[in-house]
Amino acid sequence: MAFDFRSLQAAMEINSYTLNKSGVDAYGQLMQESLERLGLHCERFPREALGDHLYFTSPVVQGQPRLLLLGHLDTVFPPGTFEGFSEDDTWIYGPGACDMKGGNAIAVQALAAVQAQAGGLANIDVLLVSDEEKGSDDSRPLTRQLATAYSYCMDFEAAGLNHEVVIGRKGIGTFTIDCTGKAAHAGNHYADGHNANLAAARIVEALIGLTDLKQGTTVNPGKMKGGIGANTISPSASIQLELRFTQIEERDRVLAALDDIVAHTWVPGVTQTLSGNLQREVMAPTEAQQAWLKTLNQLLGITLPTESRGGVSDANEMAHMGVTTLDGWGPFGDGDHSVNERALKSSFERRLEEVTKVLASFNAYALV
Ligand SMILES: [Zn+2]
């Protein structure tokens, strides 16, 4: 199927950095116009400092499965850092090419094709949030609340190199451990000090020891600071760490271990506190997802390749809420989150054809 790159170009020429509210809203406006043209109803969730979240609904036919198409309106590029659209015979280049204005455009164009075939749409809705690139802290409650109405979700983040769809994504949490000791002059009162840097050094080793690559669990104490100067026993230190996990059991193992680590005495006189939280729950492969894939493979007449990823997306939220979710329905691209972002042109046509067939299988308009 022919993909319309000109409407995507117009979308990519708008800067929609997460914190550029007017830009995110301007791109949202384009999406709203396209989707309202297909008969979808737009519900707006206004935000003051962020772009508005947009939720588009079609009529509901009870007793038939409902599908949610998921996307985000924001990109990671502040104004002036990476702007515009360019192309050659093989690729398109620019912010959002594959992350994820390209994917959003595939969703809209597939919906348009299904609408044209069937005369209308039902049981297929679209949610576009404005803050995914900052971790979806604002949109998370909304996404989770809306999720309860759906049995299936397709997220339009970029496809894998061989057009894989994404069946699993790691969960992620970020934490800080603060160590508090006691300062003392390193020359005159060395023995009076309680060295927070020493405690932090021992804790870093313990944290790295929690990593279990076989289980897909990583604990990375990626940043630390401590002390005042070379002539003072360090009274304070802090460690920032990131946890990624593929299983709920592993999440719980590490969270319990973090509690133990801060309660332990690593250096007499030094105490620790833990702050931070989980940002994303794990998206783990499920049997329902496998069953859906089997149905899709029959429908499309191919075997959709699948993959799990270490990175997170809003698909994590849907999966956490028990919605059968597949991500990676966007085009193949690379260089995302860098000025080298691009997407493969042929990939758009392939995905558009696949997604159109999938959406047609959910469209309940004939039963309205
Ligand atoms: Zn991204």
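Contacts in this chain mostly link residues that lie far apart in sequence: 77% of the contacts with a separation of 6 or more join residues 24 or more positions apart, a contact being two residues whose C-beta atoms, placed from the backbone, lie within 7 Å. Please keep in mind that this is a predicted model, where local features need pLDDT of at least 70, side-chain atom pairs count only at pLDDT 80 or more, and totals for chains, interfaces and linings use all residues. Residues are numbered from 1 along each chain as its sequence is written.

Let's start with the whole chain. Its C-alpha trace spans about 85 × 45 × 35 Å along the principal axes. The chain is divided into domain 1 (5–170 + 282–367) and domain 2 (171–280), with bounds from an automatic or database domain assignment. The contact between them takes eight residues from domain 1 and eleven residues from domain 2. The centres of the two domains, taken over C-alpha atoms, are 38 Å apart.

Now for the secondary structure. There are nine helices and 18 strands, which are DSSP runs numbered from the N terminus (helices H or I, at least four residues; strands E, at least two). One open sheet of four strands follows the order β4-β5-β18-β17 with antiparallel pairing, where two strands pair if DSSP finds at least two bridges between them. Because β4 (86–87) and β17 (333–334) are at the edges with a single partner strand each, one side of each is left without a neighbour in the sheet. Two bridges join β4 to β5 (residues 91–93), and glutamate 87 stands opposite isoleucine 92 in β5.
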